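Work through the following exercises with the sequence and the model side by side, and try each task before you read its solution.

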Amino acid sequence: MFGLFKRKGEKPEELSREKGRSGESPRFKEFAAQFQPEELTILAVTGANGFSGGRMRDDELWSLSTGLTAWMEEDSPDIHLGETGLVTLGDEKLLDFLRQRVRPDNIIKFRGRVSEDGKRLLLLDLPEPAFDPDLKAILEEQKKPVTFWEDGLGTFTLDRRVNWFETEVDWLGTQVSLTFDVDEERADCLANAKVLLAAAGEWNRRVREFAADDLLSLANDWNQDLGEEDGEPPEITREQFMERMELESIEIRGSGEFDFWFGDGELFLGHSIHVSGDLENGPGEASMEG
């Protein structure tokens, strides 16, 4: 589709929708049936992230998508505000091309069809840069930093790419990231963060001990597998495991749940150590991830 495999000398801008349609697969036709039949020329504001994609193991085509924050038909003054998914199917080459062509926080123009619920747009051709004064005003507003100050915690800044607020806090002499999701109850998250920080020494001990008790055996298995042929590497002790954990970030929720993320100090060849739990019951699960 999209005439992705073009002839020598042919530019992407010269690829017509008619040519692209000739390559549509049954899978794409099935997918497109979820959208209204009318094709529209659409102007849209892209969000903070570019295109991403994935596929099931037996699928030939990838599901490709990105977020839009506003869109309008080219010949209509009505603007649709709110998160809308721009979606299509394609291969890895198309994904790479769309990542280059559809930049975050921009205005684009494309042919598309609207889903029955109005929450998605089906991309039918290759997007191109565009301009509209009303969409430009929306774009400039969304690019403004969103921050707030909380006494004892500092200035939080909204990271639109992951939709959470983030600040840097002092944790026993080390600067670590403190985050909470934008959809969480802010006051509860801040109160819970202060509870953690007020007893940082105790929580630091509990979280590290829990991780060591759950993952020490696994770490020593990895250590043995990586040992040199002419000698066994020394066993990692519980104390050494806890010392090598490098706290990087803490995520807090309004419910009191938390996630501690550590660098592994090469215990697992650079993977992360993740400990989750809650303020009432303490750490509840530890894993090696990434």
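Two strands are said to pair if DSSP finds at least two bridges between them, and the strands themselves (E, at least two residues), like the helices (H or I, at least four residues), are DSSP runs numbered from the N terminus. The model is predicted, and local features need pLDDT of at least 70, side-chain atom pairs count only at pLDDT 80 or more, while totals for chains, interfaces and linings use all residues. Residues are numbered from 1 along each chain as its sequence is written, and side-chain values use heavy atoms, with hydrogens and water left out.

**Exercise 1. Describe the pairing around strand β11 (residues 174-181), beginning with the residue in β11 that is the bridge partner of glutamate 166.**

Step one is to find the partner of glutamate 166, which is threonine 179 in β11.

Step two is to look at the strands as wholes: β10 and β11 pair in the antiparallel sense, and eight bridges hold this pairing.

Step three is to examine the turn of this hairpin, where two residues stand between the strands and leucine 172 takes a positive phi near 55°. Leucine 172 is found in the loop between β10 and β11, and its phi is positive although it is not a glycine.

Step four is to turn to strand β12 (residues 246-252), which runs parallel to β11 and is joined to β11 by three bridges. Here leucine 178 stands opposite isoleucine 250 in β12.

**Exercise 2. Work out which residues of helix α4 (residues 133-142) are buried, and how they are arranged around the helix axis.**

Step one is to fix the term: buried means under 20% relative accessible area, exposed means over 50%, and partly exposed lies in between (1.4 Å probe, protein chains only).

Step two is to list the buried residues of α4, which are Leu135, Leu139 and Gln142.

Step three is to look down the axis of α4, taking the arc as that of the directions from the helix axis to the C-beta atoms. The buried residues fall within an arc of 70°, and therefore they line one face of the helix.

Step four is to ask what covers these buried residues, and the cover includes β1, β3 (62-73) and β5.

Step five is to inspect the N-terminal end of α4, which aspartate 132 caps with a side-chain oxygen that lies 3.0 Å from the backbone nitrogen of aspartate 134. The C-alpha atom of aspartate 134 is separated by 9.2 Å from that of proline 77, although the two residues are 57 residues apart along the chain. Proline 77 is found in the loop between β3 and β4 (80-90), and with 68% relative accessibility it counts as exposed.

**Exercise 3. Find the salt-bridge partners of glutamate 39, arginine 160 and arginine 253, and say where the first two pairs lie in the chain.**

Step one is the general idea, which is that side chains of opposite charge can pair when their charged atoms come close. A salt bridge is a side-chain nitrogen of Lys or Arg within 4 Å of a carboxyl oxygen of Asp or Glu, and by this rule the count comes to 13 salt bridges.

Step two concerns glutamate 39, which forms a salt bridge with arginine 111, with 3.7 Å between the closest N and O atoms. Glutamate 39 sits in the loop between α2 (26-32) and β1 (40-46), whereas arginine 111 belongs to strand β5 (residues 107-114), so that the pair links distant parts of the chain, 72 residues apart. Glutamate 39 is partly exposed, with a relative accessible area of 24%.

Step three concerns arginine 160, whose salt-bridge partner is aspartate 105, the closest N and O atoms being 2.9 Å apart. Because arginine 160 lies in the loop between β9 (154-159) and β10 (164-171) and aspartate 105 in the loop between α3 (92-101) and β5, the pair ties together parts that are 55 residues apart in sequence. Arginine 160 is partly exposed at 27%, whereas aspartate 105 is buried at 19%. Aspartate 105 also has a positive phi near 55°, in a residue other than glycine.

Step four concerns arginine 253, which forms a salt bridge with aspartate 259 at 2.7 Å between the closest N and O atoms. Aspartate 259 is buried, with a relative accessible area of 7%.

Technical notes:
Contact means heavy atoms within 4.5 Å. A polar contact is a pair of N or O atoms within 3.5 Å; within protein, one must be able to donate a hydrogen and the other to accept it, and residues adjacent in sequence count only if both atoms are side-chain atoms.
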